[in-house]
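Trainee: Could you zoom in on one part of this fold for me and then work outwards? I'd like the neighbours and the side-chain contacts in one go.

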Amino acid sequence: MRQALLVISVLISVVAPSLAATDTFFCYYATWASYRNGNGKVDIEQINPHLCTHVIYTFVGLKSNGEVNLLDSWFDISLNGLNRFINLKKQNPSLKLLVAMGGWNEGSVQYSNVANSPTLRAAMVNNVVAFCKQYGFDGFDLDWEYPGLRGGASTDRNAYIELVKALRTRFDSEGLILTAAVGASAHFLSSSYNAVEMTKYIHYILLMTYDLRSAYDGVTGQNAPMYSSSKESSGVSTYNVNSAVNAWIQAGAKPENLVLGIPLYGKSFTLRNSVNNGLGASTTGPGNSGPYTEEPGTLNYIEICEKQMEGGWTTIFDNDQKVPYSYKGNQWIGYDNKESVKLKTEYAISRGLGGVMIYSLEQDDIRGFCGGGTYPLMSTIKTALNSAGNGGSTNPTTTSTTTTTLKPSQSTTTTKSTTTTTTASSITSTPPATGSICQKTGYMRDSNNCSIFYVCETNLSGGFKQTQFNCGSICFDLTRNVCNHCNQVVC
């Protein structure tokens, strides 16, 4: 047993940090944050241009004739918001700047009408390209919420593909990036999205893996849980990050096209009984509004950490769902902190996804008011991406501190430390066996399948014990002893 556990402990320290080489980091910026007060006020000039690889200006809208509609012309033009945003490139020329069209308030009807008309669709493409060129954007993010829903037509699912196909055709000739923010839960795949076709035309599909619970549920719940919990009803068992990612991949999306969304805000509830304050506790409605968002039931991270600084809050990190919640009196908040965003980033890497996305950057503690440094959540994500992606993994032989209680025959590998539990669900293992594959201790790759590799250990008889592992859709990199994108591996 000790030898079997040692194999897994070493494996996780090697594989979990560096399953995919990517540092792609999309960050939305909500322009209305410039109108807020105190620590909630964030102007364009306060954006750190070196944390994200892509920053998205949020939002513009769509007119009925296919033209771009400035939803806040006062900020965009009178206050020179569009040009000030583009000026971020002066501080970091490699930064990619995109503009998002849509959002919840825009609804679906206008987008449905335009997408279903070949004439209006072509006009929209021309206008979007002209807008990007006029202001100097590197790309465009389509945030239609949602095809086929909220007043949309039954033909929207196909019309959506025709729209992104037309956009991509022009974008390729103009050198523009095409992204799309999408509803992440599995039900959207039948009502709104064709994952196989989307992968062909959209550079990055940004999964909105949040807003998975609300105050209207009548019980406390996490905004963006990583996994399901036995403490919740079976009706919400698939409303979590892992289930959403699995659904999109099973529907035909390529992992490298998917970007995992991480919210920098939480959902708050008013408890029916302050003594019953766990997950799934009965509630009477949304929690109290914060001073900046001023929206009952939603608190951004700076509002949450300011509340916690007042004292009296109890914080629990849920090891099943990999996210924290806090409660005080009759107020309950489910949210993300530095620990959970790190785990989510490592999860995205472990699944071979194309990167991570946050909504939205101005909700972080950008001034370091709460004592965790400036931009604590975003900095944590950036550090996790840099240490794992872009060839920046650490030497596994000097960084292993993990212990575990799993047997190699289990289908998922879970590591446990004194503070948290991390699951790398894309790595599968086969029980130890004795054979001729292993000729020395260490790691060997299968000669016929680059996704399969072996951990080799000496056994009591002086021979070798081998344990087989599978990187899944990516390949084992012998030069770095990690799972990596196959196009970056000599196979």
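Mentor: Buried here means under 20% relative accessible area, exposed over 50%, and partly exposed in between (1.4 Å probe, protein chains only). This is a predicted model, with local features needing pLDDT of at least 70 and side-chain atom pairs pLDDT 80 or more, while totals for chains, interfaces and linings use all residues. Residues are numbered from 1 along each chain as its sequence is written, and side-chain values use heavy atoms, without hydrogens or water.

Let's park ourselves on strand β6, residues 177-183 (strands are DSSP E runs of at least two residues, helices H or I runs of at least four, numbered from the N terminus). β6 is mostly covered, with seven of its seven residues buried. On one side, β6 pairs with strand β5, residues 139-143, in the parallel sense over four bridges (pairing takes at least two DSSP bridges). Look for leucine 142, which stands opposite alanine 180 in β6. β6 also runs parallel to strand β7, residues 204-208, and five bridges join those two. There, alanine 181 has leucine 206 of β7 as its bridge partner.

Now follow the chain from β5 into β6. Helix α6, residues 156-174, sits between them in a right-handed β-α-β unit (strands pointing away from you, the path from the first strand over the helix to the second goes clockwise).

Helix α6 carries some salt bridges worth a look (Lys or Arg side-chain nitrogen within 4 Å of an Asp or Glu carboxyl oxygen). Arginine 168 meets aspartate 172 at 2.8 Å, N to O. Both belong to α6, and because they are four residues apart, about one helical turn separates them. Arginine 168 counts as buried because its relative accessible area is 18%, whereas aspartate 172, at 48%, is partly exposed. Salt bridges with shared partners also join Lys133, Arg170 and Glu174 into one network.

Within that trio, the side chains of lysine 133 and glutamate 174 meet at 3.7 Å, N to O. Lysine 133 belongs to helix α5 and glutamate 174 to α6, so their salt bridge ties together parts that are 41 residues apart in sequence. Both are partly exposed, lysine 133 at 43% relative accessible area and glutamate 174 at 28%.

Stepping back to the loop that leads from α5 (118-135) to β5, you'll find aspartate 138 in a salt bridge with lysine 89, the closest N and O atoms 2.9 Å apart. Lysine 89 comes from the loop between α3 (81-86) and β4 (96-102), so this link joins distant parts of the chain, 49 residues apart. Aspartate 138 is a buried partner, at 17% relative accessible area. The structure holds 13 salt bridges.

That α5-β5 loop has an aromatic link too. Rings of Phe, Tyr and Trp (six-membered ring) pair with centres within 6.5 Å: stacked under 30 degrees between planes, edge-to-face over 60, otherwise tilted. By this rule there are 24 aromatic pairs. One of them has the rings of phenylalanine 85 and phenylalanine 137 with centres 6.1 Å apart and planes at 35°, so the pair is tilted. Phenylalanine 85 comes from helix α3 and phenylalanine 137 from the α5-β5 loop, 52 residues apart. Both are buried, phenylalanine 85 at 0% relative accessible area and phenylalanine 137 at 4%. Elsewhere, ring pairs link Trp104, Tyr111, Trp144, Tyr146, Tyr160, Phe188, Tyr193 and Trp248 into a cluster.
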